[in-house]
Amino acid sequence: MRGHWILRLLVGGTLLAIVLFQIEWRDVFAATHPINGHLITGAFLVFGTQALFEGWRFKRLYQPYGLSSLQAVKLFFTSLFFSNFLPGSLGADLFQVQHLNRLTPGVTRPITYVVLLRLSGLVINLSLAILTGILLFQNTQSAFEFTMDTERLVRLFLLAGSVVFIGLIIGYILLRRTMDPKQARHWFHERQREVFDAISALTFPQILVIVVAGILIVGARAVALAIVTQAFGQEVPWTGALLVVSVTTLVAMVPISIGGLGVREASMATMLSLFGLSLSDASAIAVVILLFVWTLSATGGILWIRSRTPTEPR
């Protein structure tokens with residue numbers, strides 16, 4: 001298991017190192033004055049609004065657990081910390097399941113809700129990527145060149161899909177080997193009933209909030225990305241920012257690194273370069289977004305440490 005974590009760390013670290021080596025650091029520091037710090041600050045504030053949207057989504061989805069708005073926002077920050085700073089790309093999901101299980105014993109319902117969030121994020125980002133891709137393809141004057149450049153991304157998606165498919169097959173085989181067939185069938189039937197009960201308990205307003213909040217989260221990230229590009233003296237259309245964020249999020253879901261480290265930055269730099277940015281500027285912008293993510297994640301780590309520190313009686 002430890003070797004698996006080390007492998008993910010090596011993969012993410014290697015990809016991140018490749019991105020960092022693409023940056024012309026001398027040019028970046030020489031152009032410090034033209035880079036608009038106020039826009040960078042504004043972009044970070046916009047990027048941070050996703051905490052409010054995630055808190056809103058958590059509160060509505062986890063309504064049976066009685067989370068307040070503040071508790072839901074804290075859950076987002078802490079989950080983000082476990083997703084980005086600890087081995088395993090599913091750290092956020094595991095923490096949420098463990099946290100909800102402490103509030104009300106039982107893991108099937110929280111696992112169902114976490115999987116539902118994952119699937120909704122997958123559908124939302126994939127839909128936005130397809131929609132914005134169509135709009136860009138229709139509006140761009142160099143559609144053929146754009147299509148040729150995206151061949152690398154298509155190959156990456158095919159490779160990522162193959163890795164995920166192979167992983168699912170291996171997981172299924174290991175599960176079958178570790179459980180007796182009759183016991184496995186009984187276990188699956190019991191879990192199936194619990195999953196059905198958890199999904200049936202969801203109301204239409206809850207589902208609507210999940211979808212709307214998910215779209216707002218992607219929108220906040222896209223606006224932040226567009227502002228950062230403006231801070232570097234570059235410009236990306238709003239459809240382009242949505243496409244970059246959606247595709248980058250989808251690529252980061254592939255479990256080959258810790259929290260999408262390196263994979264996210266490499267894909268973002270590649271996508272931004274398709275819109276005319278130099279690879280150096282695109283890589284620098286990807287690193288700035290990474291710093292945004294790490295700052296929010298560090299906030300979650302602080303909240304988690306404080307929650308585990310016993311308070312002294314006065």
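Is Lys 74 buried, partly exposed or exposed? Lys 74 is partly exposed, at 40% relative accessible area. The legends below describe a predicted model.

**View 1. The whole protein is built from helices, with 14 of them and zero strands.** Read from start to end of the sequence, the pattern is α-α-α-α-α-α-α-α-α-α-α-α-α-α. The protein has 314 residues, and 42% of them are buried. Take the contacts between residues at least 6 apart in sequence: 78% of these join residues at least 24 apart. The accessible surface comes to about 18000 Å². Carbon and sulfur atoms account for 68% of that surface.

**View 2. Lys 74 sits in helix H5.** This helix covers residues 69-85. Lys 74 has a relative accessible area of 40%. Buried stops at under 20% and exposed begins at over 50%, so a residue between these limits is called partly exposed. Lys 74 therefore falls in the partly exposed class. Ala 51 is 23 residues away from Lys 74 along the chain. In space, the C-alpha atoms of Lys 74 and Ala 51 are separated by 8.7 Å.

**View 3. Gln 96 is a buried residue of helix H6.** Helix H6 runs over residues 91-103. Why is Gln 96 counted as buried? Its relative accessibility is 5%, and the class takes in values under 20%. The Gln 96 side chain makes a polar contact with the side chain of Ser 79, at 3.4 Å. Which residues does Gln 96 touch beyond its neighbours within four places in sequence? Its contacts there are Phe 58, Tyr 62, Leu 75, Ser 79, Val 114 and Leu 117. Ser 79 thus appears in that contact list and also as the polar partner of Gln 96.

**View 4. Five side chains form a nonpolar surface patch: Trp 56, Phe 204, Leu 208, Val 212 and Leu 216.** The patch measures about 470 Å². Which helix gives the largest share of the nonpolar patch? Helix H11, residues 204-231, supplies four residues.

**View 5. Phe 204 belongs to helix H11 and to the nonpolar patch.** Phe 204 has a relative accessible area of 62%. Because exposed means over 50%, Phe 204 is classed as exposed. Among the other members of the patch are Trp 56 and Leu 208.

Note on methods: Residues numbered from 1 in each chain as written. Predicted model: local features only at pLDDT ≥ 70, side-chain atom pairs only at ≥ 80, totals over all residues. Heavy atoms only, no water. Patch = residues over 30% accessible without salt bridge, like charges linked within 9 Å, V, L, I, M, F, W, Y side chains within 5 Å. Areas by Shrake-Rupley, 256 points an atom, 1.4 Å probe, with all protein chains shown as cover. Salt bridge = Lys/Arg side-chain N within 4 Å of Asp/Glu carboxyl O. Helix = DSSP H or I, 4+ residues; strand = E, 2+ residues; numbered from the N terminus. Buried < 20%, exposed > 50% of the residue type's maximum accessible area, 1.4 Å probe, protein only. Contact = heavy atoms within 4.5 Å. Polar contact = N/O pair within 3.5 Å; in protein donor to acceptor, adjacent residues only side chain to side chain.
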